[in-house]
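Hi,

Here is the structure I said I would pass on. Have a look at it first, and then read my notes underneath.

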Amino acid sequence: MSDAAPAIRTEELAKRYGKITALAGLTMSIPAGDVFGFLGPNGAGKTTAVKLLLGLAKPTSGEGWVLGAPLSDRAAHRRARADVGYLPELFRYQPWLSAREVLRVHCELIGLDRARWDAEIKDALGIVGLAERADDRVGGYSKGMQQRLGLGVALLGRPALVLLDEPTSALDPVGRHDVREVIRALKARGTTVFLNSHLLTEVEQVCDRVAIVDKGRVIQVGTLDELLRADAVRVRATGIANGGYDGLRSFGELQHEGEWLVIRGIAQDRVPDLVRAIVERGGRVYAVEPRHESLEDRFLSLLEKPRP
Amino acid sequence: MRGLVIARLVIREAARRRLLLALLILTLIVVTLTGWGFSRIPTITQRGAPLPDVQIKVIASQFLILTMFMFSFVLAMAAVFVAAPQISGDVESGTALAILSRPIGRAEYVTGKWAGLAALVAIYAGGAAAIELGVVNAVIGYVPPEPLAFIAFVIAEGLVIMTLALLLSTRLSGMVGGVIALVLFGIAWIGGIVGGIGAAFDNAGITHVGTATKLILPTDGLWRGAVYALEPQSFIAAGSQAGPASAANPFYASSAAPLSFELYVAGWVALVFGLAVLSFRAREP
Ligand SMILES: Nc1ncnc2c1ncn2[C@@H]1O[C@H](COP(=O)(O)OP(=O)(O)O)[C@@H](O)[C@H]1O
Ligand SMILES: [Mg+2]
């Protein structure tokens, strides 16, 4: 994390479509240079959040700042967008243009110095692996190639902030690997990346920090370490006295899995205390297994947890 | 001005999708056919004698008005077909997301679309009308009284219907917007005839209906202005003797469009364009 001004900040940013709350009061701050994962199931509100940040949709309430420009100041926000790249979830580019021509259009829309166009376009085409097909009509591209083009469009002009909405949805495993490499290269360059995804592996592998969203709410935000630190331990024990479990709840969240007792969110150095407490309550301990939760388990357990 | 990028995209799409080529070929076919038709007029005989020159001119002017009516109709249709999906198509396909996330405002985007379409309308209307007038002149040596005014009126008619279709395109799919625009165009045309009938029978109520449609969608009023520019003086004199009944004839105009109407049309286009900007500003792509 750097101490520079945040690349993205939101305060109670909310969006409703009629009765549907697409995004309910998003408050977050993403430091410049971070790779931020916005992780959640389908319909969680990820795309809505990105559209709000780009001024494509208007918030119902709340405020957001992109590279310092508030969403409510249309002119300032428009200027700030010159330094923002975006790969939409629904990526589609003029089918009657070639990839090179699409990139030229975007160079001009960004207001890039004409002398830099050729170099920038060559760069972008190379990064996303479309150099050989650059002069073919986009209409003849496969979905995956179009998504690669979209990524190229998002990278054009070395923006300070890149928003990628499900950037690997149409890609094969090689393509996914390539996207991860691109994101790592962006990070090395100091670019802030906002990555929308429902794929844990994607987020797990490249993101510094992650927000888990569901039903328009952020359930948890933190570094991957913070989200994963809440480790669990599995204990096989018998004979714990009735009511004995109550005394164990102070160690963490209890869950029965057959003969096993799972205690979530327990700090590792408290495990010996836990064993003693079980024994004190008449329990006979056969096995104790620390369990590092994968982000996936964590994700699922967070989504299952009833929320206030 | 980033709107210019959008305007050039509109024109480039028309060229790439071979719309301009198709219109050019069709225009050449029509011009060839009508050119042949015009060349036959002097061969018409009346009781074995060739027609006097004056009569040839009158027939030529009538035939030209008819041909140009078809042109203006094709222009209106083409303008609607191209303009109606212009914004809705971008939104539906997702193309708009990538473009509008750039440092370009909604007003610039709509302005760019309008400017590109306006250029297409002017290129097609101006080009096709100029070719036709040139061929008629070459074949039988007839030049209508005010060819430039005629071209200007036809272009204005195209701009009016195009602007309407673009407004509809900010909210409705291309198919729906296109159908609505064409139906309104037809209503305006009939409204012009109805107004003429009202005038012929001195019926104020019916005349007002005609006037109202003319103001709501001024395409027919502009068409009358275009017709007037094509009519030789002798023909207008004959028409005014026939009395107000001729006002119902959609291929005839008894008087020039007043300047106030021309200004009204400019205001109408500005208003509808402004509505398109406002409407698109409130839309989320
Ligand atoms: N334009 C819209 N009109 C109505 N509802 C919408 C619209 N866009 C999104 N929604 C709703 O908002 C919720 C969040 O959608 P979205 O942001 O696309 O989710 P995600 O990208 O996380 O899959 C969904 O319930 C979706 O149906
Ligand atoms: Mg989405």
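Below is what came out of going through it, starting with the contact between the chains.

Keep in mind that this is a predicted model. Chain A puts 32 residues into the contact and chain B puts in 27. Together they bury about 2800 Å², with carbon and sulfur atoms giving 53% of that area. On the chain A side, A:Leu56, A:Trp96 and A:Leu109 are worth colouring: they supply 28% of the area that chain A buries against chain B, more than any other three residues.

A:Trp96 turns up again in the largest pocket, where it is among the residues nearest the centre, along with B:Glu13, B:Arg17, B:Pro85 and B:Gln86. The pocket has a volume of about 510 Å³ and a lining of 24 residues. By class these are 14 nonpolar, 5 polar and 5 charged. H1(B) gives the most to this lining, with 5 residues.

Then there are the closed spaces. How many cavities of 30 Å³ or more are there? The count comes to 4. The largest has a volume of about 120 Å³, and of its 13 lining residues the closest to the centre are B:Ala78, B:Ala79, B:Val82, B:Leu120 and B:Val121. H2, H3 and H6 of chain B each give two or more residues to that lining, and H3(B) gives the most, with 5. The class split is 13 nonpolar, no polar and no charged.

The second largest cavity holds about 60 Å³ of space. Its lining includes B:Met68, B:Phe71, B:Ser72 and B:Tyr124, and the elements giving two or more residues are H3, H6 and helix H7 (147–169) of chain B. Here the split is 9 nonpolar, 1 polar and no charged.

Back in chain A, the magnesium ion (ligand 2) has protein donors from A:Thr47 (OG1) and A:Glu89 (OE, listed twice), lying 2.0 to 2.8 Å from it. The two residues are 42 apart in the chain: A:Thr47 is in helix H1 (residues 46–53), while A:Glu89 is in the loop between strand S6 (84–87) and helix H3 (99–110). A:Glu89 counts as partly exposed because its relative accessible area of 38% falls between the 20% and 50% cut-offs.

One last residue: is A:Val179, in helix H6 (residues 173–189) of chain A, buried or exposed? It is buried, since its relative accessibility of 4% is under 20%. Beyond its neighbours within four places in sequence, A:Val179 is in contact with A:Leu151, A:Pro167, A:Thr168 and A:Leu171.

Cheers

Methods:
Residues are numbered from 1 along each chain as its sequence is written. Chains are lettered from A and ligands numbered from 1 in the order in which they are written. This is a predicted model: local features need pLDDT of at least 70, side-chain atom pairs count only at pLDDT 80 or more; totals for chains, interfaces and linings use all residues. Side-chain values use heavy atoms; hydrogens and water are left out. Donors are N, O and S atoms within 2.8 Å of the metal (3.2 Å for Na, K and Ca); water is not among the atoms, so sites may look incomplete. Helices (H or I, at least four residues) and strands (E, at least two) are DSSP runs, numbered from the N terminus. Buried means under 20% relative accessible area, exposed over 50%, partly exposed in between (1.4 Å probe, protein chains only). On a 1 Å grid over the protein atoms alone, a cavity is a set of points where a 1.4 Å probe fits but cannot get out, and a pocket is an open set with protein on both sides within 12 Å along at least five of seven lines; lining residues have an atom within 4 Å of a point. Grid points are joined across faces, edges and corners, and a volume is the space filled by probe spheres set on the points. Ala, Val, Leu, Ile, Met, Phe, Trp, Tyr, Cys and Pro count as nonpolar, Asp, Glu, Lys and Arg as charged, and the others, Gly among them, as polar. Contact means heavy atoms within 4.5 Å. Buried area is the accessible area (1.4 Å probe) that two parts lose on being put together, summed over both.
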